Amino acid sequence: METKKTGTTTVGIKAKDGVVLAADTQASLDHMVETLNIRKIIPITDRIAITTAGSVGDVQALARMLEAEARYYQFTWGRPMSTKAMANLLSNILNENKWFPYLVQIILGGYVEEPTLANLDPLGGLIFDDYTATGSGSPFAIAVLEDSYKKDMSIEEAKELAVRAVRTAGKRDVYTGSRKVQVVVITKDGITEEFVEFKD
């Protein structure tokens, strides 16, 4: 069976007062751009979100699972599930299914007790980090992050860097869009979303 190439670039940065997630909004299938307006960052709770790279259906199924688990945890214990706990739960789900894996690379970010950022591979490998990138354009994005990231960045600094990293990837990776970037900011006050658009 012939496989079709797809791609994306998603970025996560842990800032002093929150987490910034960013992603391009282009959906591609082989040599065709299907849409320029897809959301690749999915809220799970009011303070945790995940980015999507890989199979859209797999990520959507995992997002529904995580949302249900988060609601059950809140109902049972009377407090929200922490970001680290959710990252470990997702790691276990992915690892349990490693023989028939979910074809995903996921960045999970949130602010429940503190700003937390995690990167998960399809087999459940889990890394907590200060910044990360996934998708076909990630080698370009991570180079930008590596060059400019510094500890305790402000939210605005992290947003600017995240957008620049995704846009740089879009200029060099044919499967990553460079015209519009979805940006999600997660702080102790909740989640905000915006889209940054470029003319060229």
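## A walk through two pockets and a sheet

Start by selecting Ile-44, Thr-45, Asp-46, Arg-47, Ile-48, Glu-67, Ala-70, Arg-71, Gln-74, Pro-80, Met-81 and Val-112: together they line the second largest pocket. Keep in mind as you go that this is a predicted model. The space in this pocket comes to about 210 Å³. Colour the lining by class and you should get six nonpolar, two polar and four charged residues. Which element gives the largest share of this lining? That would be helix 1, with four residues.

Leave helix 1 on screen, because you need it again at the next stop: helix 1 (56–77) supplies at least two residues of the lining of the largest pocket, and so do strand 3 (27–29), strand 7 (53–54) and strand 8 (104–111). To centre the view, pick Lys-40, Thr-52, Ala-53, Gly-54 and Val-56, which of the 24 lining residues lie nearest the middle of the largest pocket. About 400 Å³ of space sits in there. By class, the lining of the largest pocket splits into 10 nonpolar, 11 polar and three charged residues.

Now on to the sheet. Show strands 11, 1, 2, 12 and 13 as cartoon, and you have an open sheet of five strands, in the order 11-1-2-12-13, with antiparallel pairing. Why does one side of strand 11 (131–134) and of strand 13 lack a neighbour in the sheet? Both strands stand at the edges with a single partner strand each, so one side stays free of a neighbour. Look along the sheet and you can follow a twist that averages 15 degrees from one strand to the next.

Zoom in on the strand 11 edge. Strand 1 (residues 10–14) pairs with strand 11 in the antiparallel sense, over four bridges. For a landmark, pick Thr-10, which has Thr-134 of strand 11 opposite.

Then cross to the other edge. Strand 12 (residues 180–187) and strand 13 (residues 190–197) run antiparallel and are joined by eight bridges. Here the landmark is Lys-180, standing opposite Glu-197 in strand 13. Follow the backbone from strand 12 into strand 13 and you go round a hairpin whose link is two residues.

Next, bring in the helices that lie across this sheet. Helix 3 lies across strand 1 and strand 11, and runs at about 165 degrees to strand 11. Helix 4 lies across strand 1, strand 2 (19–24), strand 12 and strand 13, at about 20 degrees to strand 2.

Last stop: hide the strands and look at the two helices together. How do helix 3 (residues 138–148) and helix 4 (residues 155–172) pack? Their axes are 7 Å apart, at an angle of about 145 degrees, and the crossing of helix 3 and helix 4 is right-handed. To see the contact, show side chains for Phe-140, Ala-141, Val-144, Leu-145 and Ser-148 in helix 3, which meet Leu-161, Arg-164, Ala-165, Thr-168, Ala-169 and Arg-172 in helix 4. By class, the residues of that contact are seven nonpolar, two polar and two charged.

Notes:
Residues are numbered from 1 along each chain as its sequence is written. This is a predicted model: local features need pLDDT of at least 70, side-chain atom pairs count only at pLDDT 80 or more; totals for chains, interfaces and linings use all residues. Side-chain values use heavy atoms; hydrogens and water are left out. On a 1 Å grid over the protein atoms alone, a cavity is a set of points where a 1.4 Å probe fits but cannot get out, and a pocket is an open set with protein on both sides within 12 Å along at least five of seven lines; lining residues have an atom within 4 Å of a point. Grid points are joined across faces, edges and corners, and a volume is the space filled by probe spheres set on the points. Ala, Val, Leu, Ile, Met, Phe, Trp, Tyr, Cys and Pro count as nonpolar, Asp, Glu, Lys and Arg as charged, and the others, Gly among them, as polar. Axes are lines fitted to C-alpha atoms, for helices over the stretch in contact, and angles run from 0 to 180 degrees between N-to-C directions. A crossing is left-handed if the near helix is turned anticlockwise from the far one by less than a right angle, and right-handed if clockwise. Contact means heavy atoms within 4.5 Å. Two strands pair if DSSP finds at least two bridges between them.
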